[in-house]
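This briefing concerns the empty space in a predicted model. Please consult the sequence and structure shown below.

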Amino acid sequence: MWITATRNAAYQEHSQDRLVVVPGPGGVVLAVADGAGGQSGGTAAAEKAVRLVELMASTRNAAIWGEPEWLGLLGSLDTWLLDDPDAGETTLVALCLSEDTLTGAGVGDSGAWIITPSGLVDLTEDQQPRPFLGSGAAFPVGFSYPFRQGDTLLLATDGLLKYADPESLADLARGADLEAAADALVERVRLRSGNLPDDVALVLCRRAPECP
């Protein structure tokens, strides 16, 4: 069983970031997307991207997907968004946690980290910041990694990852109370003015404690 905490905080009136969490019998599917700022349709692209991930997770057994399936989904999304006159461009990181394995793929500068009790693994370190999904030239990067009891997954847009050092974010994500940890992560990047430097979407996920 998985426990999750999510936050979507805007630096202006409305956030262009989106997230989704879809629990299922075989695991949990999670995604974050960051609509390209300054471009028409960025918010629509992020919304459409996470809704397609949600649809696929609800209608197919994504718990058994490997990297090829996730790469194929993101490749299809790139073309689909390019052909949609109402959609712009977006980042996307989508993955599934199933039993002891995490598998997924990403495009752009959103990220997925596994935070262990003593370290941090950036699953998306090989992603290129651009081009985004919807450009017709996106290059999705797949990843898979073992996930153990005591690990925490942090899935987030660059509004969090870009504005604080990884070690401090990892320390906050390790907090015993996942909801409090999610709040603390958002506050970590808040400016002295009280504003955020960018939109922030994040998901924290870990296994529920084992019964004695």
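Into how many nonpolar, polar and charged residues does the lining of the largest cavity divide? The lining divides into 4 nonpolar, 4 polar and 2 charged residues. The points below describe this cavity and then the two largest pockets of the predicted model.

**Cavity**

- The structure holds 1 cavity of 30 Å³ or more.
- The volume of the largest cavity is about 60 Å³.
- Gly 106, Val 107 and Gly 108 contribute to its lining, as do Asp 126, Gln 127, Gln 128, Arg 130 and Pro 131.
- Phe 139 and Val 141 also line the largest cavity.

**Largest pocket**

- The largest pocket has a volume of about 340 Å³.
- Its lining is formed by 19 residues, which divide into 5 nonpolar, 6 polar and 8 charged.
- Nearest the centre of this pocket lie Gln 16, Asp 34, Gly 35, Gly 37 and Asp 198.

**Second largest pocket**

- The second largest pocket encloses about 250 Å³ of space.
- This pocket is lined by 16 residues, and those closest to its centre are Asp 109, Ser 110, Asp 122, Thr 124 and Leu 161.
- Two or more lining residues come from each of β6 (111-115), β7 (120-122) and α3 (158-161).
- By class, the lining of the second largest pocket comprises 5 nonpolar, 6 polar and 5 charged residues.

Definitions and conventions:
Residues numbered from 1 in each chain as written. Predicted model: local features only at pLDDT ≥ 70, side-chain atom pairs only at ≥ 80, totals over all residues. Heavy atoms only, no water. 1 Å grid on protein atoms, 1.4 Å probe; cavity = no way out; pocket = protein on both sides within 12 Å on 5 of 7 lines; lining within 4 Å. Points joined across faces, edges and corners; volume = space filled by probe spheres on them. Nonpolar A, V, L, I, M, F, W, Y, C, P; charged D, E, K, R; others polar. Helix = DSSP H or I, 4+ residues; strand = E, 2+ residues; numbered from the N terminus.
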